[in-house]
Amino acid sequence: MDSAAQRAGAVLTVDLGAVVENYRFLRKRAGGAVCAAVVKADAYGLGVDRIAPALARAGCRDFFVATLDEGMALRNVLGLGPRIAVLHGAPPRAEPDCLAAHLVPVLNGAEQLAAWRRLARDRGRSLPAILQVDTGMARFGFSQADLAHLLTAPDPFEGVALGLVMSHLACADTLDHPANAEQRVAFRSVRARLPGIPASLAASSGIFLGPEFHADLVRPGAALYGVNPQPGRPNPMRPVVRLQAHILQLRDVATGVGIGYGHAAVAHRPMRLAVVAAGYADGYLRSASGRGMAFAGPYPLSVLGRVSMDSLILDVTDVPPEHVPLGGCVDLIGPGHGLDAVAEAAGTIGYEVLTSLGARYHRIYREA
């Protein structure tokens, strides 16, 4: 490690090459559909200023973010070439900012559509947009009843150049969930009402439901960053992140000694403990207290007691001392203990683990 990494409490390594390989794998899996990339929430916490250019160099020309500010920041990173879509659409009265940054709003309801049409009328030209229709998630988008009513108007999209109609699957990570087929049928009906407009239904997990879900464009997000898109099955994605924390202190304790806040753990035998520099302020979730694991080479290390703000305590009693030296590192996310295993121990999903990764980690990017 370089000196900056050695000074840091913990080091997060992001493998840009793995992100690119995951993108290429998903693009191939999507067959003839265009493969976009969802880079919202700072590329799921991994740094959109590094992730998005690597994907653009790999041929990605369509990017999705959540908010207008994310889109404006990404436009500054990528320049004017790629299409950048804003999933939340433009907030009220911020439509001119969206247009000025050459962003494409996702229109999720009648109010957003009306505001975008007004701006088009004021500017005297058609403006690009994406239409979202809810096919069974009760979250974003026009309801199918709202869409049917909208389409009774003589020119419902006057001034709007629709480049895509999209929906989102609620249960795609459960392969045999009946909602998947129901939403596919509902989306087919939506497409029939909007002939000639490219369509998008599948995100990360939806890509693995089969070609009938791929439509014209797929929108992977978490799978790009190594999250398993098929929970309960082998993960086809390459791991992207490794998180290593430095050992700050080693100590021996006797049987019966309380460990950490609230003495939530008690030594059941003479034990050797390692205190490492990561805690819930760094995104190592407190829900992993007493449940999480780390690794020192091949040796598993249990998290003892409660995760603190800046540290956690590991059981290294049975580990050869040369594998856990003072100042050495343990893997919190890494070989043999990937992102999804960390998430399971914390009672959550890989998405939350990624987007919680803290700002105090020293970050190393391995180039594609």
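**Exercise 1.** Is C35 buried or exposed? Then decide whether C35 takes part in a disulfide.

*Solution.* The model is predicted.
- Step 1. Take the relative accessible area of C35, which is 4%.
- Step 2. Buried means under 20%. C35 is therefore buried.
- Step 3. Search the whole structure for disulfides: there are zero.
- Step 4. Check C35 itself. The nearest cysteine sulfur belongs to C60 and is 6.7 Å away. A disulfide needs two cysteine sulfur atoms within 2.5 Å. C35 is in no disulfide.
- Step 5. Set C329 beside it. C329 has 25% relative accessibility, so it counts as partly exposed.

**Exercise 2.** Describe how helix α4 packs on helix α5.

*Solution.*
- Step 1. Locate the pair. Helix α4 covers residues 48–57, and helix α5 covers residues 68–78.
- Step 2. Read the geometry. The angle is about 55°, and the axes are 10 Å apart.
- Step 3. Classify the angle. α4 is oblique to α5, because roughly parallel needs under 35 degrees and roughly perpendicular needs 65 to 115.
- Step 4. Give the hand. The crossing of α4 past α5 is right-handed.
- Step 5. List the contact residues. α4 supplies V48, D49, A52, P53 and A56. α5 supplies L74, V77 and L78.
- Step 6. Sort them by class. The contact of α4 with α5 has seven nonpolar residues, no polar residues and one charged residue.

**Exercise 3.** How many residues of α4 are buried, and what do they pack against?

*Solution.*
- Step 1. Count. Seven of the ten residues of α4 are buried, so the helix is largely enclosed by the rest of the structure.
- Step 2. Name them: V48, I51, A52, P53, A54, L55 and A56.
- Step 3. Find their partners. The strands are β1 (10–15), β3 (37–38) and β4 (62–65). The helices are α2 (16–29), α3 and α5.
- Step 4. Look just past the helix end. G59 follows α4 and has a positive phi of about 110°.

**Exercise 4.** A43 and H102 are residues other than glycine with positive phi. Place each one and give its exposure.

*Solution.*
- Step 1. Start with A43. Its phi is near 55°.
- Step 2. A43 sits in helix α3, residues 40–44. At 0% relative accessible area, A43 is buried.
- Step 3. Turn to H102. Its phi is near 60°.
- Step 4. H102 lies in the loop that runs between α6 (95–100) and β6 (104–107). With a relative accessible area of 47%, H102 is partly exposed.

**Exercise 5.** Where is H337, and which residues does it contact?

*Solution.*
- Step 1. Place it. H337 belongs to the loop between β18 (329–333) and α10 (339–345).
- Step 2. Judge its exposure. The relative accessible area of H337 is 7%, so this residue is buried.
- Step 3. Leave out neighbours within four places in sequence. H337 is then in contact with M293, F295, L332 and V342.

**Exercise 6.** Summarise the protein chain as a whole.

*Solution.*
- Step 1. Take the secondary structure: eleven helices and 19 strands.
- Step 2. Take the dimensions. Along the principal axes, the C-alpha atoms fill a box of roughly 80 × 45 × 40 Å.
- Step 3. Take the burial. The protein chain has 368 residues, and 53% count as buried.
- Step 4. Take the contacts. Consider those with a separation of 6 or more in the protein chain; 65% of them join residues 24 or more positions apart.

How values were computed: Residues are numbered from 1 along each chain as its sequence is written. This is a predicted model: local features need pLDDT of at least 70, side-chain atom pairs count only at pLDDT 80 or more; totals for chains, interfaces and linings use all residues. Side-chain values use heavy atoms; hydrogens and water are left out. Axes are lines fitted to C-alpha atoms, for helices over the stretch in contact, and angles run from 0 to 180 degrees between N-to-C directions. Helices (H or I, at least four residues) and strands (E, at least two) are DSSP runs, numbered from the N terminus. Angles under 35 degrees count as roughly parallel, over 145 as roughly antiparallel, 65 to 115 as roughly perpendicular and the rest as oblique. A crossing is left-handed if the near helix is turned anticlockwise from the far one by less than a right angle, and right-handed if clockwise. Contact means heavy atoms within 4.5 Å. Ala, Val, Leu, Ile, Met, Phe, Trp, Tyr, Cys and Pro count as nonpolar, Asp, Glu, Lys and Arg as charged, and the others, Gly among them, as polar. Buried means under 20% relative accessible area, exposed over 50%, partly exposed in between (1.4 Å probe, protein chains only).
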